[in-house]
Structures are given as C-alpha cells and as structure tokens.
Amino acid sequence: MLRRMASTLHTTACPLDCPDACRIEATVTDGRVTRLEGADSAITGGFLCKKVRNFDQHLYHPDRVGTPLRRIGAKGEGKFEALSWDAALDLVVREFTDRATRYGAECILPLSYGGSNGLLSQDTADARLFARLGASRLARTVCAAPSGRAAGGLYGKMPGVAYEDYEAAKWIGVWGANPSASGIHLVPWIRRARDQGARLVVVDPRRTPLAAQADQHLALRPGTDVVLALATMRWLFEHGTADLAFLQEHTTGWEELRLRADRWTLSAATEVTGLTVDEIERFAGDYAAATPAVIRCGWGLERNRNGGSGVASVIALPAVAGKFGVRGGGYTMSNSGAWRFAPEGTLGLDTPGGSQPRTVNMNQTGQALLEADPPIQALFVYNSNPLATLPNQAAMRKGLAREDLFTVVFDQVMTDTAQYADVVLPATTFLEHRDLARGYGNFVLHRIEPVIEPVGESRSNVDVFGELVSRFGLGRDGEPESDEALEAVVLAAAQGEADLSERLDTEIETHPVGGGRPILFVDSFPRTADRKAHLVPGDLDTEADGLYRFRPAPTEDPSFPLTLISPASGRTVSSTFGQIYRDAVPLEMHPDDALGRGLVDGITVRVYNRAGEVHCPLRVSDRVRRGVVTLPKGLWSHNTINGNTSNVLCPDHLADLGGGASFNDARVEVEALRAS
Ligand SMILES: Nc1nc2c(c(=O)[nH]1)N[C@H]1C(S)=C(S)[C@@H](COP(=O)(O)OP(=O)(O)OC[C@H]3O[C@@H](n4cnc5c(=O)[nH]c(N)nc54)[C@H](O)[C@@H]3O)O[C@H]1N2
Ligand SMILES: Nc1nc2c(c(=O)[nH]1)N[C@H]1C(S)=C(S)[C@@H](COP(=O)(O)OP(=O)(O)OC[C@H]3O[C@@H](n4cnc5c(=O)[nH]c(N)nc54)[C@H](O)[C@@H]3O)O[C@H]1N2
Ligand SMILES: [Mo]
C-alpha cells in the first residue's frame with residue numbers, strides 16, 4: 001500500500017511517446033504529486049523536459065475525467081452525466097453485444113495508438129479483449145510505419161548508434177528530426193561533439209533550433225529526401241568515395257541501388273529538392289571525408305508519399321559511404337528493436353473459431369467510419385485522441401457524429417474525441433498505475449510503480465480491459481490478469497534477456513543484452529537471415545512499386561501551391577497536454593510567400609484546400625523555406641479560431657511503405673480571413 005505522510009520521494013520513469021524514457025524523481029505530499037524532477041541518469045543527465053516537469057498540471061487539470069460519464073447532449077456538444085463504473089461497463093457490454101449480434105463482431109473497431117506508450121497499457125489485456133471478441137483489427141500506422149518497414153527491410157530493425165556515442169562523431173547529420181522539441185536528451189551529446197570539433201548538418205525544410213546553429217542547413221522541399229540521398233550516393237560512387245569493400249562484404253542489392261541512384265545528377269536533384277548544386281556537393285563531400293559520421297534520422301521525412309523510400313535511402317547512405325564499423329558511426333532511427341518483447345503467444349489472443357477479421361488502416365479511420373462494409377457500429381477509443389491526430393479530420397468528425405455509432409472513449413482528460421463519445425471512461429496516468437517504459441532512442445527499460453492513488457475514480461487499462469474480458473464472458477481460468485502478472489508475462493517474453501525482473505529491481509538503468517552502445521557491424525549486425533544489409537529488399541520494392549522511386553505530387557494543383565507540414569512542438573506530446581494550452585496557434589509562412597499574397601504578420605488567415613479550412617493567426621518568419629507553411633501537430637480545436645486543426649488539411653492517402661500517414665503531403669492556399 002502507498003503510505004500517506006507529509007512528503008515522500010519516489011523514483012519512477014516516463015513512458016510517454018518520446019525516444020528518451022527518462023528516470024523521474026517524484027515528490028508526493030499528502031497524497032498529491034507536488035514536484036517532478038529528473039532522477040540520476042548517465043544518458044539523460046538527470047533533467048526532464050518542461051512538459052513532464054509540469055505533469056501535475058495534467059494530473060489535476062479541471063478537464064481530467066473524474067468518473068465514468070454518459071452522453072446526454074448531441075454528439076460533439078460535450079454534455080455528459082456521471083454514472084457508476086458498474087453501470088458504464090454494463091452499458092458498454094450491452095451495446096457492443098447488441099451490435100455484434102446484428103452486424104457481426106467486425107462492426108467493433110478498437111482505435112488506439114501510443115497513449116502513454118507503456119508496455120502494459122497497450123497490447124496486453126486490451127489485445128486479449130478485442131481478439132476474443134473477433135473485432136476488426138487496427139493497423140497502427142499513424143506514426144513510424146514507413147520508417148519501421150524501411151528499417152526492418154534493410155537492416156532487420158538493427159538498433160543504431162546510442163546517444164552517448166554521438167560524442168565520438170566528427171560529423172552529425174540531423175535529418176528530418178527536431179530533437180530540441182522531440183527527444184531533448186540527444187542535444188547535449190551533439191553539443192559535446194561539436195565542442196570537440198564535430199560538424200553539424202541539418203536536413204529540414206524549417207530552420208529548427210539545431211539548424212540555426214548548424215554548419216550547414218539543407219532546407220529542402222518536403223518529400224524530396226530520397227532524391228537528396230540518391231544524388232549523394234551517386235556523387236560518392238562517382239568520386240571513388242563509396243566503400244565498395246564494405247558493400248561487397250556486408251550488403252546485398254548495392255549494384256541495383258547504384259543503378260537507381262544514377263539518374264540523380266546534381267542538377268536533376270536541384271530541380272526536385274530546391275537545393276543548389278553547391279549545397280549538395282558540399283554536403284556529400286563533407287560526409288565522405290568525415291569519420292565517425294552519424295545520421296539521426298527522424299520521422300518528419302516519412303510522412304509523405306515518398307516517405308518509405310526517403311527513410312530507406314537515408315539509412316542506406318552509411319552503408320554506401322562506409323560509415324559503419326566505428327563507435328559513433330552509422331545512423332540512429334528508432335532503437336525500439338533493442339528490446340524484443342513477444343508476449344503474444346502467452347496472452348491468448350485467439351479469435352472466435354480462428355476467424356481472420358478485417359484490418360482497418362487507422363490513417364483512413366474517417367473513411368472507414370463513413371463507408372466500411374459491414375459498417376463500424378461500435379468504436380472503442382483508448383490511448384489516442386484521433387479527432388486531433390488522424391488525417392482527414394472532416395471525415396473523422398463526420399464519422400464520430402454518426403448517431404448510430406456507439407463510441408467509448410477511455411482517456412485521462414476530456415479530449416476533442418471524447419466530446420463525441422457515448423460513454424467516457426476515466427483512465428489513470430503513469431503516476432497512478434504500474435507499467436514498463438522502454439526508450440526508443442535511449443537503450444533503457446524502466447519499471448513504473450504508482451506513486452499516488454488514482455485520481456478520482458480513474459482506472460488503469462489493464463484493470464478495465466481485464467474486467468471487460470470477464471464481463472463479456474471471455475475470461476479463462478488461471479490466466480494472468482493482474483498488472484503484476486501481465487508484467488511478468490511481458491518480461492519473460494523478452495527475447496535474449498535473462499533475469500529482467502531482478503535487473504529492473506536492482507539496476508539504476510537497465511540496458512538490453514550487450515549493454516546498449518553497439519558498434520554497428522562490429523558487435524551488432526543486421527537482424528536479417530544472412531546478417532547483411534539488404535539495400536533493395538524484394539518485398540519493399542514490390543510494396544513501394546519501385547523502392548527509391550521519386551513520385552511527384554499526383555496533382556500539383558495550382559490552386560494549392562503551398563505545402564503544409566505539421567511538426568511536433570515543445571509543449572505537447574502528440575496531442576497529450578493539449579487541454580493545458582488554449583491560446584490560438586499561428587501558421588508560419590515565409591516573408592516572400594506572405595508578400596506575394598499581401599499578408600502581414602499578426603493578421604488572421606484562412607488556410608484551406610478542398611478538404612477543409614483552418615482559421616488562425618499568421619506569423620511571418622523566414623524560419624520556413626519558401627513554398628512551405630507550418631502548423632504544429634497535436635493541436636486541439638480550442639487552438640484555432642474555427643475549431644479545425646492542421647489535420648483537416650492533411651490527406652489520407654498513404655505513404656509508399658507500411659500504409660503510413662502522409663501528414664506532410666498537404667497542399668494548401670492561404671488568404672486573409674475577411675469578416676463575413
Ligand atoms: N515534445 C514532443 N516530443 C515528441 C513528440 C511530440 O509531439 N512532442 N512526439 C513523439 C513522437 S510520436 C514522434 S513520432 C517523434 C517525432 O520526432 P521528430 O521526427 O523529431 O519530430 P517531427 O517534428 O515530427 O519531425 C521532425 C522534423 O521533420 C521536418 N520535416 C517535415 N517534413 C520533412 C521532409 O519531408 N523532409 C525532411 N528532411 N524533414 C521534414 C519538420 O520540419 C521537423 O522539424 O517525437 C516524439 N517526441
Ligand atoms: N497533423 C499531424 N498530425 C499528426 C502527426 C503529424 O505529423 N501531423 N503526427 C502523428 C504522430 S507522430 C503520432 S505518434 C500520433 C499520435 O496520436 P495519438 O496516439 O492520438 O496521441 P495523443 O494525441 O498523444 O493521444 C494519446 C491519448 O492517450 C491518453 N492516454 C495516455 N495514457 C493513457 C493510458 O494509460 N490509458 C488510456 N486509456 N489513455 C491514455 C492521453 O491522455 C491522450 O489523450 O499523432 C499523429 N498526428
Ligand atoms: Mo509519432
């Protein structure tokens with residue numbers, strides 16, 4: 001039991017969707033969290049981001065859901081009344097059962113993404129419930145799907161260079177990543193490397209904080225990374241700086257990759273990327289000359305129709321240039337593959353009669369809610385705020401507004417999505433429940449134990465999904481149900497790891513087998529069958545209909561000449577914490593684009609395309625390149641004047657790999673908003 005006394009200190013960790021997985025020291029006073037600070041860590045330096053330092057604002061926010069709620073107003077109106085857990089779960093079981101009987105179990109769709117991102121609060125009891133119900137499956141593609149496919153196909157998800165080893169690098173390329181907002185503990189390691197003379201290059205359509213300090217900033221057009229990377233490879237081959245010995249010994253497909261790179265002369269690449277010949281040549285020459293050289297590949301470049309090929313080409317570069325084999329050399333993408341948990345076999349995820357329910361791609365949930373056949377009649381949203389975070393927001397909103405759809409939203413706060421729920425269930429946060437936090441930048445795993453009692457009547461995912469399993473009559477005698485039992489299942493399913501539970505008890509930071517600072521192609525190899533990098537894997541080539549092929553926007557519609565990108569911000573994690581920030585967020589636009597349209601800083605604009613429009617303030621800034629405008633991801637309806645966010649402008653066509661989202665492929669026009 002948790003003891004209540006004046007002030008106690010508790011060590012825990014942050015599982016939020018961020019690469020860093022920080023250790024936390026929480027102060028609890030009279031049962032309330034009063035202070036959160038970074039706890040000792042060799043990797044993070046013991047400091048926390050501002051968002052999590054202020055997590056108490058989220059914990060005790062007036063919009064925190066305190067009890068189960070039932071809708072009493074129209075959908076979207078936000079009128080609810082409290083009801084007991086018993087009554088709420090009864091209602092869910094009754095409605096889901098009724099609809100499954102009438103339409104078949106596939107009419108149920110679970111809709112979830114990272115949420116708290118802990119290993120217990122997703123893919124455990126929830127997976128058991130929805131599998132045994134025979135519900136539609138969800139392809140969780142909103143993030144990292146193209147990059148995951150690329151990293152899996154080329155290198156078998158080999159973990160990359162550790163943050164600590166950036167210090168050894170002489171050349172650091174930050175490519176489509178903005179660690180100053182989205183994984184801040186990499187930044188001090190980059191700074192240390194620079195203090196020792198490392199060169200910093202940033203590839204990003206925006207001048208991010210690191211780009212502003214970089215030795216070179218390549219502000220390319222969004223979605224053209226594959227062309228920059230291939231032109232660089234062509235240059236390397238042409239100038240005798242490709243590492244043919246490495247390619248022969250450790251890769252397959254390099255001759256084919258070379259052929260595909262061959263059409264990208266510097267001048268052809270400048271046409272597409274908007275960079276100059278000098279810029280690309282300088283980039284290639286400096287990269288070729290430096291050792292160790294490391295690329296931090298982010299997620300900004302995957303979110304367009306060329307995203308999978310873009311990521312594949314970026315992570316193929318170190319193979320072509322021969323940058324592996326030394327500490328601090330190679331690339332870092334997601335390091336989630338450092339831990340391989342495979343508990344599926346022990347959780348009992350069988351479907352009724354071995355049925356194979358359909359799969360809905362979450363990037364097209366809006367369309368599915370409006371058009372799927374059989375129809376989606378029961379939606380269970382958890383660990384996600386899809387109205388704020390999925391593309392094609394207009395379809396999503398219309399789908400959620402369907403009177404015949406029964407929607408459950410299980411969340412910590414009244415999100416935009418929750419406003420459309422029939423039943424809202426209050427969820428605990430990682431300070432109130434047990435979980436496991438795994439870094440996907442840092443090579444760490446932490447056990448999370450609750451530091452306070454649940455706020456209000458909130459309950460954990462494990463608890464609620466477990467209870468639903470039994471209320472639907474789908475439970476099985478003796479199977480692991482409690483959070484502790486499920487934790488044991490997950491830990492025991494960690495491939496290649498021994499004594500993980502004990503290690504989590506005794507070690508300050510638990511690293512995966514091998515220690516978590518691999519030297520690539522020396523003590524860590526691709527997890528492909530032949531331990532080689534496959535530079536043009538057949539399955540990816542088929543899926544992408546030609547890997548590394550650059551696709552111009554299908555309809556470069558002159559009515560919508562601007563590309564809208566929606567990067568992460570330093571205030572929110574996706575849309576988490578969005579209830580705290582209610583101010584109107586501006587669209588950023590280059591001064592030349594503003595001038596051409598007669599727009600000035602500070603006015604209210606209408607950003608629009610055929611899918612919808614956003615009304616918001618304008619900030620004129622040369623931080624974005626010409627032809628590109630930005631509006632951050634994770635905004636809520638209260639952050640804009642008309643209640644739509646950038647997601648209303650984001651198309652729901654898919655990236656070339658993994659069924660990924662194409663958020664950064666939006667085309668828009670902007671005009672002054674006239675009072676009507
Ligand atoms: N504070 C905070 N931290 C987070 C998150 C958050 O929302 N807030 N989100 C977490 C999650 S879910 C993720 S996926 C990661 C994301 O981490 P990052 O990948 O670092 O974040 P993004 O801002 O999505 O994208 C990075 C950069 O890509 C640029 N970009 C956009 N389009 C292109 C392109 O076509 N090519 C290139 N080269 N660059 C492009 C953007 O301008 C942006 O600066 O961060 C995680 N950490
Ligand atoms: N326009 C645009 N939109 C984007 C992106 C973009 O680049 N542009 N990027 C996308 C990316 S990278 C991502 S990862 C997605 C993320 O999209 P989502 O997965 O929808 O992420 P969040 O908005 O953080 O929503 C997570 C929700 O889970 C809740 N939650 C947290 N912990 C728990 C828990 O233990 N139990 C329950 N039941 N709920 C919990 C939080 O309160 C929060 O409301 O957004 C995408 N949206
Ligand atoms: Mo993400």
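This passage describes two ligand sites, two helices and several backbone features of a predicted model.

Ligand 1 is surrounded by 35 residues, among which Ser182, Asp204, Asp225, Thr572 and Ser574 are the closest. The residues of this shell divide into 16 nonpolar, 12 polar and 7 charged. Among the polar atom pairs at this site, a nitrogen atom of ligand 1 is found 3.0 Å from an N or O atom in the side chain of Lys51, while the backbone of Asn178 places an N or O atom 2.8 Å from an oxygen atom of ligand 1. A polar backbone atom of Ala568, in turn, lies 2.7 Å from an oxygen atom of the ligand. Of the 900 Å² of accessible area that ligand 1 has on its own, the protein covers 98%.

Ligand 2 has a shell of 32 residues, and the closest of them are Thr389, Asp411, Asn461, Ser575 and Thr576. This shell comprises 9 nonpolar, 19 polar and 4 charged residues, and at least three residues are drawn from each of domain 2 (69-135 + 342-425 + 459-479) and domain 4 (562-672). Nitrogen atoms of ligand 2 take part in two of the polar pairs described here: one pair has a distance of 3.2 Å and involves a polar side-chain atom of Asn383, whereas the other has a distance of 2.8 Å and involves a polar backbone atom of Thr389. The side chain of Thr576 contributes an N or O atom that lies 2.6 Å from an oxygen atom of ligand 2. On its own, ligand 2 has 910 Å² of accessible area, of which the protein covers 97%.

Asn461, which is listed with the closest residues to ligand 2, also belongs to helix α18 (residues 461-471), where it is buried together with Val462, Val464, Phe465, Leu468 and Val469. The buried residues of α18 pack against the helices α3 (85-103), α4 and α19 (483-492), and also against the strands β15, β16 (406-411) and β17 (423-426). Asp411, another of the residues closest to ligand 2, falls within the range given for β16. Just after α18, the backbone has a positive phi of about 75° at Gly473.

A comparable description applies to helix α6 (residues 187-195), in which Val187, Pro188, Trp189, Ile190 and Ala193 are buried. The packing partners of these buried residues are β8 (171-175), β9 (199-203) and α7 (209-213). Just after this helix, Gly197 takes a positive phi of about 100°.

Most residues other than glycine have a negative phi, and most peptide bonds are trans. Against this background, several positions in loops may be described. Asp123, in the loop between β6 (108-112) and α4 (125-133), has a positive phi of about 65° although it is not a glycine. With a relative accessibility of 37%, Asp123 counts as partly exposed. Phe521 likewise has a positive phi, near 65°, and is located in the loop between α20 (500-506) and β20 (533-534). In contrast to the partly exposed Asp123, Phe521 is buried, its relative accessible area being 7%.

Cis peptide bonds are found before two prolines in loops. The bond from Thr291 to Pro292 is cis, with omega near -10°, and Pro292 lies in the loop that runs between α12 (277-289) and β12 (293-297). The bond that joins Asp373 and Pro374 is also cis, with omega about -5°, and Pro374 belongs to the loop between α15 (365-371) and β15 (378-382). The strand β15 that follows this loop is one of the elements against which the buried residues of α18 pack.

A further loop position is Thr428, which is found between β17 and β18 (435-438). Thr428 has a relative accessible area of 4%, and because this value is under 20% the residue counts as buried. The side chain of Thr428 makes a polar contact of 2.7 Å with the side chain of His433. When neighbours within four places in sequence are left aside, the residues in contact with Thr428 are Arg64, Gln412, His433, Pro454, Ser458, Arg459 and Ser460.

Key: Residues are numbered from 1 along each chain as its sequence is written. Chains are lettered from A and ligands numbered from 1 in the order in which they are written. This is a predicted model: local features need pLDDT of at least 70, side-chain atom pairs count only at pLDDT 80 or more; totals for chains, interfaces and linings use all residues. Side-chain values use heavy atoms; hydrogens and water are left out. A residue is near a molecule or strand if one of its heavy atoms lies within 4 Å of it. A polar contact is a pair of N or O atoms within 3.5 Å; within protein, one must be able to donate a hydrogen and the other to accept it, and residues adjacent in sequence count only if both atoms are side-chain atoms. Accessible areas come from the Shrake-Rupley method with a 1.4 Å probe; for residues, only the protein chains shown count as cover. Ala, Val, Leu, Ile, Met, Phe, Trp, Tyr, Cys and Pro count as nonpolar, Asp, Glu, Lys and Arg as charged, and the others, Gly among them, as polar. Domain bounds come from an automatic or database domain assignment. Helices (H or I, at least four residues) and strands (E, at least two) are DSSP runs, numbered from the N terminus. Buried means under 20% relative accessible area, exposed over 50%, partly exposed in between (1.4 Å probe, protein chains only). Contact means heavy atoms within 4.5 Å.
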